Amino acid sequence: MIRINQLKLNIAHTQSDLERKILKTLHMKKEYLQGYKIRRQSIDARKKPDLYYVYSVDVLVKDEAKIKKSIKSNQIQFQAKEDAYNFPANGTREFKHRPVIIGTGPAGLFCGYMLAIHGYRPILLERGADVDQRTKDVETFWKTGTLDPSSNVQFGEGGAGTFSDGKLNTLVKDKSGRNHEVLRIFARHGAPEAITYQSKPHIGTEILSRVVKEMRECICAHGGEVRFHSQVTDIQTVTTGNTKVLRKLEVYDLKKQEKYVLDTELAVFAIGHSARDTFAMLHQHEVPMQPKAFAVGVRMEHPQEMINKDQYGEHYPDFLPAAPYKLTANLKNGRGVYTFCMCPGGYVVNASSEPHRLAVNGMSYSKRDGQNANTAVIVTVTPEDFGSSHPLAGVEFQRKLEENAYREGNGKVPVQLFGDFCKNIPSQKLGDIIPQIKGMYQLANVRRIFPEIIADSLQEGVCIFDQKLPGYARKDAVISGVESRTSSPVRIIRDDFLQSEIRGIYPCGEGAGYAGGITSAAMDGIKIAEMIAGTYRPLETKK
């Protein structure tokens, strides 16, 4: 197989144009071409208004050796190999009970999926509802303000990522092939095939909902089990020598409103960044954990048209996708300000999960065709900001900001124009930008949510961004708060075998502090599954 890199074509090219470019680059006739597969696609807008797609393509040809003799180019790689992923199901230890996975966000879902298809019959416990019921619960909350603390934007099948932009890019270095395996699994269960090669892939919330449902059905078809409305409220351990070992989970059935005990020697805690009550329970059992730096800030909305013109040029073709952006600034006070989870053509959403506390997030549908672009504009905070060295001090820091946001908006999402944010006055009316928000909102003074150092840093960061993206600091740009759930405020310590000091507990994913988004969380779930399968052998098939 031949790999061609940096294959550049005009933005309006056709599939035939791509094929002709491949033949020209390899100096060969069409009859030698047996097939090709796109490995990567990105947009090059560095020389606006000239825009290009840039490809990396794997090409299968007749007589590769002959073509190799006639071509010398750093652009071309001969005898290229496809990314291969191998799951190491070679453990020998026997399970006494079925393995349990707590949480069905990306980490728990992919861990459960990999174990199920390799014969380990996992039990997945999810405090929230299945994705269909969860969608109804979330829409009811957005319309009425009535929150279900167990089924919302944070909790339920698919995790917090289900009601997001569905971005699948990650900065995690991946020599194992897990990254591409995640994308292939998503595509296998209903996501567009293009996500496997796009430089900035995304799914969109309405498609992601269907994908996670198909993955759950696959888990069950392979002997796994998913129990919704099932919250782990306690653990039971035994001490062997000087070592604590997991033996039981106490589970509360939210539908039946009764508890039961589940025997297991292995539980993957893929609980997500918002499972604050579970963090507290594990801390009571002296599961080692520590506070972790994260970031807080606001959601900021601009017209998508403004972003498109900046990124693509004034007269860009309308068939291009809504343009994303990424901005960073290092301030003199030592803090970093950056954009995060940018949603082209998306919506700000009320992402609250606790009564009388309010958090926001961003979401896009697959077409990304909303009027506004929104992003989190956030400031780094460290344990020094929390006012305590307690492992859960970051959780309390988040809660305080969320309580401030709830009060500022009278239970609705507080909204302010950036010009008023700079003046520290409540907004009285909107400008030309109409907020695109899922949930009720109210004009307010968002600045009052934050400590002064955070508010000042946000203001300074946005003004710096304006120098990079003109119009960013426009007075009528809409901000809302509080963006507090960027990542987990806690890291649950695990060793080289990916276990806690309490043996049998596997901290996993973003909530445990080992990931930062859909893809990296899914990859960590696969990593945990590999460790389990490398230790234990599959269970006998249930007859």
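Begin the tour by selecting helix α12, which gives three residues, the largest share, to the lining of the second largest cavity. The model on screen is a predicted one, and every stop below should be read with that in mind.

**The second largest cavity**

With α12 (452-468) highlighted, add β13 (294-303) and α11 (418-423), since these are the elements that give two or more residues to the lining of this second largest cavity. To see the lining itself, show V298, M300, V377, F418, F421, L458, Q459, V462 and I479 as sticks. The space they enclose has a volume of about 40 Å³, and by class the lining has eight nonpolar residues, one polar residue and no charged residues.

**The largest cavity**

Two cavities of 30 Å³ or more are counted in the model, and the other stop of this kind is the largest cavity, with a volume of about 50 Å³. Select G105, P106, L109, F110, G158, G161, T162, F186, L208, V212 and I518, which line the largest cavity. The elements that give two or more residues to this lining are α3 (106-117) and α6 (205-221), and the largest share, three residues, comes from α3. Colouring the lining of the largest cavity by class should show seven nonpolar residues, four polar residues and no charged ones.

**Along helix α13**

I518, one of the residues that line the largest cavity, brings the tour to helix α13 (residues 518-533), where a distance between the end C-alpha atoms is worth displaying. How far apart are the end C-alpha atoms of α13, and what span should its 16 residues have at 1.5 Å a residue? The end atoms are 23 Å apart, and the expected span is 22 Å, so the two values agree. Helix α13 is also mostly covered, with 14 of its 16 residues buried.

**The nonpolar cores**

Return now to V377, which lines the second largest cavity and is also one of the residues that touch the most other members of the largest nonpolar core, together with L26, V59, F450 and Y472. This core holds 74 residues, and strand β3 (residues 50-61) gives the most to it, with six residues. For a local view, centre on L26 and display I2, I4, V59, V61, I67, I71 and I76, with which L26 is in contact once its neighbours within four places in sequence are left aside. Another core, of 50 residues, lies apart from the largest one, and L115, I207, C508 and A522 are among its members.

**The second largest pocket**

Turn next to the second largest pocket, in which about 350 Å³ of space lies. Its lining has 16 residues, and a good selection to centre on is R93, E265, Q499, G504 and Y536, which lie nearest the centre of the pocket. Divided by class, the lining of this pocket has five nonpolar, five polar and six charged residues.

**A contact across the sequence**

Select F163, in the loop between α4 (131-144) and α5 (178-188), and then M363, which is 200 residues apart from F163 along the chain. The C-alpha atoms of F163 and M363 are separated by 6.0 Å. Is F163 buried or exposed? Its relative accessibility is 5%, so F163 counts as buried, the cut-off for that term being under 20%. Apart from its neighbours within four places in sequence, F163 is in contact with R134, T135, V138, W142, V153, T205, N361, G362 and M363.

**Backbone details**

The last selections concern the backbone, beginning with K48 and P49, which are joined by a cis peptide bond with omega about 10°. P49 is found in the loop between β2 (33-47) and β3. A further cis peptide bond runs from G481 to V482, with omega near 10°, and V482 is found in strand β22 (residues 478-483).

Then select Q257, in the loop between β9 (243-253) and β10 (258-263), where phi is positive, about 55°, although Q257 is not a glycine. Q257 has a relative accessible area of 60%, and therefore counts as exposed. Finish at N410, in the loop between α10 (393-408) and β19 (413-417), which has a positive phi of about 50° although N410 is not a glycine. With a relative accessible area of 59%, N410 is exposed.

How values were computed
Residues are numbered from 1 along each chain as its sequence is written. This is a predicted model: local features need pLDDT of at least 70, side-chain atom pairs count only at pLDDT 80 or more; totals for chains, interfaces and linings use all residues. Side-chain values use heavy atoms; hydrogens and water are left out. On a 1 Å grid over the protein atoms alone, a cavity is a set of points where a 1.4 Å probe fits but cannot get out, and a pocket is an open set with protein on both sides within 12 Å along at least five of seven lines; lining residues have an atom within 4 Å of a point. Grid points are joined across faces, edges and corners, and a volume is the space filled by probe spheres set on the points. Helices (H or I, at least four residues) and strands (E, at least two) are DSSP runs, numbered from the N terminus. Ala, Val, Leu, Ile, Met, Phe, Trp, Tyr, Cys and Pro count as nonpolar, Asp, Glu, Lys and Arg as charged, and the others, Gly among them, as polar. A nonpolar core is a set of buried Ala, Val, Leu, Ile, Met, Phe, Trp, Tyr and Cys residues joined through side-chain atoms within 4.5 Å. Buried means under 20% relative accessible area, exposed over 50%, partly exposed in between (1.4 Å probe, protein chains only). Contact means heavy atoms within 4.5 Å. The expected span of a helix is 1.5 Å times one less than its number of residues.
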